[in-house]
Amino acid sequence: MARDLATEAGQQLLRLRARQGFDEPEVLRTLGDRTSHEFLFSALGRLRPSDAVLSEEGIDDKARLTARRVWIIDPLDGTREFSESGRTDWAVHVALWENGELAAGAVALPAQGSTVSTVDPPWLPPERPTEQRLRITTSRTRPPEFVQRLATQLGAEIVPMGSAGAKICAVLLGIADIYVHAGGQYEWDSAAPVAVARAAGLHASRIDGSELRYNRTNPSLPDILVCRPELSNMLLASIRGVAERDSADPHAAG
């Protein structure tokens with residue numbers, strides 16, 4: 001259901017984009033957020049009326065804190081990219097949190113014509129070519145300052161990209177090897193892509209190595225690391241080293 005709803009919301013967004021055009025980007029962003037939220041919220045209310053919903057575009061009903069099942073949705077992740085002609089790095093996130101864990105998730109990439117989900121997660125190659133330069137994907141508009149220092153230390157290439165969902169999918173699909181962010185996010189930014197990433201066998205954690213937790217009182221979840229599992233220990237140590245050496249706050253955005 002997560003896969004089907006994310007896909008349908010994405011199709012509605014594509015139709016809206018084609019109908020509205022790009023002359024008024026702020027109007028397009030507002031319409032996109034609202035259209036997708038209303039569709040997903042209505043569909044979940046009809047199909048799973050006893051479940052709670054946490055949406056970026058909705059009122060945070062704290063009744064979710066005592067619910068057994070909570071849908072965590074980002075109706076339009078990457079609104080800036082959605083409003084720019086030709087950009088494909090925006091997404092729709094639909095995740096299900098159940099009894100303390102992410103139970104299912106889907107990320108639609110409508111402009112790329114695909115949806116990845118826990119139904120059939122992408123196949124992760126057994127190993128990456130050792131001679132290939134590491135590629136780190138991070139925010140194109142507000143990259144954390146420490147990411148450039150980390151890339152320099154690792155001799156890695158930086159791949160700027162839009163939405164968090166698109167960046168995690170880039171790691172899933174082998175376009176990048178690492179996604180690291182510490183400039184501030186919320187649960188809806190990562191819940192669905194993290195569910196799919198874990199189902200595919202990727203490492204996903206906070207940048208200090210601690211667990212990503214969802215459906216908490218404060219939905220802020222400011223940092224994240226997603227990468228191939230064999231890179232995780234090296235990257236966590238490198239992130240610690242960069243922060244300690246530069247006496248830097250990794251959560252400061254550039």
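Which side chain meets that of E211 in a salt bridge? In this predicted model, the partner is R213, and the closest approach of the two side chains is 3.4 Å, N to O. E211 counts as partly exposed, at 39% relative accessibility.

**Salt bridges**

The pair of E211 and R213 belongs to a wider set, for a search of the whole structure finds 14 salt bridges. Side chains of opposite charge can pair when their charged atoms come close. Three of the pairs are set out below.

| Pair | N to O distance |
|---|---|
| D4 and R3 | 3.2 Å |
| R68 and E98 | 2.8 Å |
| E211 and R213 | 3.4 Å |

The salt bridge between R68 and E98 has its closest N and O atoms 2.8 Å apart. Because R68 lies in the loop between β1 (52-55) and β2 while E98 lies in strand β3, this pair ties together parts that are 30 residues apart in sequence. R68 is partly exposed, with a relative accessible area of 48%, and E98 is likewise partly exposed, with a value of 22%. Salt bridges that share partners join D51, R68, R69 and E98 into one network. In the pair formed by D4 and R3, D4 is partly exposed at 45% relative accessibility, and R3 is partly exposed at 35%.

**D77 and the largest pocket**

D77, which lies in strand β2 (residues 69-77), is a charged residue without such a partner: it is buried yet has no salt bridge, and the nearest side chain of opposite charge, that of K167, is 6.7 Å away. A salt bridge requires a separation within 4 Å. The side chain of D77 does, however, make a polar contact with the side chain of S163, at 3.1 Å, and a polar atom of the D77 side chain lies 3.0 Å from the backbone nitrogen of G165. Leaving aside residues up to four places away in sequence, D77 touches W90, A91, H93, S163, A164, G165 and D189.

The largest pocket holds about 420 Å³ of space. Its lining is made up of 22 residues, of which D77, G78, R142, G162 and S163 are the closest to the centre. At least two lining residues are supplied by each of β2, α3 (79-82), α5 (164-172) and β8 (178-181).

**Helix α5 and other local features**

Nine of the nine residues of α5 are buried, so this helix is largely enclosed by the rest of the structure. Among the buried residues of α5 are A164 and G165, as well as K167. The helix is followed by G174, whose phi is positive, near 80°.

Positive phi values also occur in two asparagines. N99 has a phi near 50° and sits in the loop between β3 (91-98) and β4 (101-109), where N99 is exposed, with a relative accessible area of 54%. N215, with a positive phi of about 55°, is placed in the loop between β9 (203-205) and β10 (224-227), but N215 is buried, with a relative accessible area of 8%.

In helix α2 (residues 25-47) lies F41, which counts as partly exposed at 44% relative accessibility. The C-alpha atoms of F41 and W71 are separated by 9.5 Å, although the two residues are 30 residues apart along the chain.

How values were computed. Residues numbered from 1 in each chain as written. Predicted model: local features only at pLDDT ≥ 70, side-chain atom pairs only at ≥ 80, totals over all residues. Heavy atoms only, no water. Helix = DSSP H or I, 4+ residues; strand = E, 2+ residues; numbered from the N terminus. Buried < 20%, exposed > 50% of the residue type's maximum accessible area, 1.4 Å probe, protein only. Lys, Arg positive; Asp, Glu negative; His and termini not counted. Polar contact = N/O pair within 3.5 Å; in protein donor to acceptor, adjacent residues only side chain to side chain. Contact = heavy atoms within 4.5 Å. 1 Å grid on protein atoms, 1.4 Å probe; cavity = no way out; pocket = protein on both sides within 12 Å on 5 of 7 lines; lining within 4 Å. Points joined across faces, edges and corners; volume = space filled by probe spheres on them.
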